[in-house]
Amino acid sequence: MTLDQLRIASRRSQLAMVQTNWVRDELQKAHPELAITIEAMATQGDKILDVALAKIGDKGLFTKELEAQMLIGHAEIAVHSLKDLPTNLPEGLILGCITEREDPSDALVVNEKNQIYKLETLPEGSVVGTSSLRRLAQLRYHYPHLVFKDVRGNVITRLEKLDSEEYDCLILAAAGLQRLGFANRIHQLIPTDISLHAVGQGALGIECVSGQKEVLDILKTLEHESTSKRCLAERAFLRELEGGCQVPIGVRTEINNNELILEGMVASLDGKRLIRDIKKGSVGSAEEIGIDLANELKGRGAGEILEEIFKSARA
């Protein structure tokens with residue numbers, strides 16, 4: 001039977017809709033005969049905006065509702081920011097496609113009064129807004145003189161809070177700012193020697209029901225091989241560490257010829273301990289590289305750091 005319609009489940013946030021509309025448009029170009037519609041909805045992470053992400057519980061925080069739509073047959077695929085997609089998916093669902101990655105860097109965004117500063121020159125006591133424990137831990141490690149404050153809401157809401165001087169600066173994903181047309185607000189791309197990015201950051205992950213060959217064939221249009229290999233290594237690293245998206249785990253990947261290079265980091269929440277290393281190997285062994293690096297960092301104390309974090313979250 002030929003598939004004649006494709007229903008896409010998506011969060012209804014502005015960034016999610018920009019990303020999902022791009023996926024729809026690209027698939028429509030490749031498959032003009034297909035009727036493609038978008039089913040937009042709010043997820044738990046979109047609804048709870050007055051609590052830090054780390055305190056809500058992060059397993060599927062931005063994905064469960066979309067996955068439910070696929071499992072009950074109301075959607076064929078779901079579009080996610082790959083960094084939000086847990087590494088262990090519900091039974092019956094698979095990661096069908098990873099799109100070409102935008103710049104995965106973290107970005108410094110400042111308000112008008114702080115235009116003269118870079119991250120490394122911010123005065124002592126400057127208030128930095130971030131909702132990411134990964135960014136928080138790394139920045140505390142390098143800049144303990146700064147003050148860090150949680151910030152929630154969509155990108156526009158966060159920028160409004162920044163410009164009203166609730167914060168001196170924000171740390172946001174460069175890819176999200178670029179996709180929303182706010183590239184001009186990027187004051188500084190944060191070097192990877194200061195902040196490794198989140199697993200999957202900058203890429204989109206398209207989830208679908210397993211065993212649906214027609215859907216997978218359609219998604220091949222958007223698959224980007226080198227991004228996929230890099231992200232599979234990153235996700236294997238995170239999975240082996242048993243970390244969710246709200247733990248201080250960061251990565252950096254690159255491919256040179258047929259060699260994949262993965263750099264990974266685990267840090268304590270207070271930023272006082274940070275363990276970091278690099279693993280290299282064949283592109284064809286992407287997931288093995290991630291697993292090996294995770295085990296190396298565990299042997300150097302990363303497991304103990306994460307267990308402390310998990311215990312404090314359960315308390």
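The legends below describe close-up views of a predicted model.

**View 1. A salt bridge between R11 and D84.**
The two side chains meet at 3.5 Å, N to O. R11 lies in strand β1, residues 5-11. D84 lies in the loop between β3 (77-81) and β4 (93-98). The pair therefore ties together parts that are 73 residues apart in sequence. R11 is buried, with a relative accessible area of 15%. D84 is buried as well, at 12%. Both values fall in the buried class because that class means under 20% relative accessible area.

**View 2. A salt bridge between R135 and D106.**
Here the N to O distance is 2.9 Å. R135 belongs to helix α5, residues 133-142. D106 belongs to strand β5, residues 106-110. The contact links distant parts of the chain, 29 residues apart. R135 is buried, and D106 is buried too.

**View 3. Strand β5 and its side chains.**
β5 is mostly covered, with 5 of its 5 residues buried. D106, L108 and V110 point one way from the strand. A107 and V109 point the other way. The residues on both sides are buried. D106 is also the salt-bridge partner of R135.

**View 4. Strand β5 beside β8 and β9.**
β5 pairs with strand β8, residues 169-173, in the antiparallel sense. This pairing runs over 5 bridges. Within it, A107 stands opposite L172 of β8. Strand β9, residues 188-189, also runs antiparallel to β5. These two strands are joined by 2 bridges. L108 stands opposite Q188 in β9.

**View 5. A salt bridge between D217 and K220.**
The side chains of D217 and K220 meet at 3.5 Å, N to O. D217 counts as partly exposed, at 31% relative accessibility. K220 counts as exposed, at 59%. The two residues fall in separate classes because exposed means over 50%, with partly exposed between that cut-off and the buried one.

**View 6. A network of salt bridges around R252, E254, E263 and R276.**
Salt bridges that share partners join these residues into one network. Two of the members are R252 and R276. The others are E254 and E263. Side chains of opposite charge can pair when their charged atoms come close. The structure as a whole holds 20 salt bridges. Among them are R11 with D84, R135 with D106, and D217 with K220.

Methods
Residues are numbered from 1 along each chain as its sequence is written. This is a predicted model: local features need pLDDT of at least 70, side-chain atom pairs count only at pLDDT 80 or more; totals for chains, interfaces and linings use all residues. Side-chain values use heavy atoms; hydrogens and water are left out. A salt bridge is a side-chain nitrogen of Lys or Arg within 4 Å of a carboxyl oxygen of Asp or Glu. Helices (H or I, at least four residues) and strands (E, at least two) are DSSP runs, numbered from the N terminus. Buried means under 20% relative accessible area, exposed over 50%, partly exposed in between (1.4 Å probe, protein chains only). Two strands pair if DSSP finds at least two bridges between them.
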